[in-house]
Amino acid sequence: MALLFCLTPFVSSPIALVIGFLLASFSLVPTELPIASFTKKLLSYSIIGLGFGIHFEQALAVTSDGIGLIIATILGTLVIGMMIAKAIKLERTTAYLIASGTAICGGSAIAAVAPAIKAKDEQIGLALATVFVLNSLALFIFPVIGHAIGLDQHTFGTWAAIAIHDTSSVVGAASAYGEEALTTATTLKLARALWIIPVALISAVIFSRGNGEEGKSKLVIPYFIFWYCAAIAFSDFFPQFEVVYQGIFAIAKQALVVCLFLIGCSISVSKLKSAGAKPLMFGVTLWVLISTTSLGWLLFS
């Protein structure tokens, strides 16, 4: 019933997340359901669907405007993150996973980098739990801050794409802010997500040297990003189907609300407690740093 309710236009992304979280906290979510894998697939298809609502020239302009800030924040987050981790004596692999998730695209980046650096299950779990907590907060906090300081649609979308971890939360926060914010945030976030590939490859080299190990590591490539680009190109080449594209875009937006509900179903009070104080403190510090510096750059550059 809750899932069907999230398919209606009465439920926003933050509300869907809270509904899922409450169900999980009261153990009302069947444990045998493959929620994680289904959410991942639905999120991928939803993002591809959003591509049909974005014009090629618009996507190109948004990406070219924000690419410099994207590169700077990714590199800066990884470098500063490891410096902070060393200062607070946080275990290196866990810290690197959290920094990667903060720098690129949350859980997807963690999932891609983890096998490349041979992370253990408990390290991956800690990193994911930390990122999930911050993602949930961002979904509520960012639109409030944006409205409070009067950010325009484009600026908010850029800020959300840079400072919020997971693509789902970026899209959720941006869609609550407005259509232009959604377009900007989605395009920039996916451009940012492409950095998963080089970061994972470089990480594998760095960690194999540090551990004195050689060998191949599995690299998880987010192929849906390329399909998203293909959807933008297709809709641009065949504009006569604009009515169809608008329908696909609307369905994709609502499917993203369902994604947030399912993500909420994977978070519970017990999982939040398992994140631990030090990884969470590290994640919050890094998140606040990237949020404030990127916002300052957007406002005063």
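Hi everyone, let me start with one helix. Helix H3, residues 35-51, has 17 residues and reaches 24 Å from its first C-alpha to its last, close to the 24 Å expected at 1.5 Å a residue. The expected span here is 1.5 Å times one less than the number of residues in the helix. Helices (H or I, at least four residues) and strands (E, at least two) are DSSP runs, numbered from the N terminus.

Before going on, a word on what we are looking at. This is a predicted model, where local features need pLDDT of at least 70 and side-chain atom pairs count only at pLDDT 80 or more, while totals for chains, interfaces and linings use all residues. Residues are numbered from 1 along each chain as its sequence is written, and side-chain values use heavy atoms, with hydrogens and water left out.

Back to H3. Its buried residues include Ile35, Thr39, Leu42 and Leu43, and further along Ile47, Ile48 and Leu50 are among them too. Buried means under 20% relative accessible area, exposed means over 50%, and partly exposed is in between (1.4 Å probe, protein chains only). What covers those buried residues of H3? The cover includes H9, helix H10 (179-193), helix H12 (224-237) and H13.

Now the whole protein. It has 15 helices and zero strands. Of its 301 residues, 49% are buried. Contact, by the way, means heavy atoms within 4.5 Å. If you take contacts between residues at least 6 apart in sequence, 83% of them join residues at least 24 apart.

On to the interior. A nonpolar core is a set of buried Ala, Val, Leu, Ile, Met, Phe, Trp, Tyr and Cys residues joined through side-chain atoms within 4.5 Å. The largest one here has 91 residues, and the members that touch the most others are Leu97, Ile104, Phe142, Phe156 and Phe282. Helix H13, residues 242-265, supplies the largest share of this core, 13 residues.

Let's zoom in on Phe142. Leaving aside neighbours within four places in sequence, Phe142 is in contact with Phe156, Trp159, Ala160, Ala163, Ile164, Trp287 and Ser291. Right after it in the chain comes Pro143, which is found in helix H7. Is Pro143 buried or exposed? Pro143 counts as buried because its relative accessibility is 9%. Not counting residues up to four places away in sequence, Pro143 touches Ala138, Phe156, Ala173 and Tyr177. Pro143 and Ser175 are 32 residues apart in sequence, and their C-alpha atoms are 9.6 Å apart in space.

Two of those partners of Phe142, Trp287 and Ser291, are also on the list of buried residues of H15, along with Phe282, Leu286 and Ile290, among others. Helix H15 covers residues 277-300, and its 24 residues should span 34 Å at 1.5 Å a residue, which agrees with the 34 Å between its end C-alpha atoms.

Next, Thr158, which lies in helix H8, residues 153-163. Thr158 is buried, because its relative accessible area is 5%. Leaving aside neighbours within four places in sequence, Thr158 is in contact with Thr184, Leu188 and Leu298. Over in helix H10 we find Ala193. Ala193 has a relative accessible area of 3%, so it is buried. The C-alpha atoms of Ala193 and Ala109 are separated by 7.7 Å, with their positions 84 residues apart along the chain.

Is there any empty space inside? On a 1 Å grid over the protein atoms alone, a cavity is a set of points where a 1.4 Å probe fits but cannot get out, and lining residues have an atom within 4 Å of a point. Grid points are joined across faces, edges and corners, and a volume is the space filled by probe spheres set on the points. The count comes to one cavity of 30 Å³ or more, and the largest cavity has a volume of about 50 Å³. Its lining includes Leu17, Phe132, Asn135, Asp166 and Ile267. H7 gives the most to that lining, with three residues.

Last stop, two loop residues. Ser27 is found in the loop between helix H2 (13-25) and H3, and its phi is near 55°, a positive value in a residue other than glycine. Ser27 counts as exposed because its relative accessibility is 65%. Lys89, in the loop between helix H4 (56-88) and helix H5 (92-103), has a positive phi of about 60° although it is not a glycine. Lys89 is exposed, with a relative accessible area of 69%. Thanks for listening!

Methods. On a 1 Å grid over the protein atoms alone, a cavity is a set of points where a 1.4 Å probe fits but cannot get out, and a pocket is an open set with protein on both sides within 12 Å along at least five of seven lines; lining residues have an atom within 4 Å of a point.
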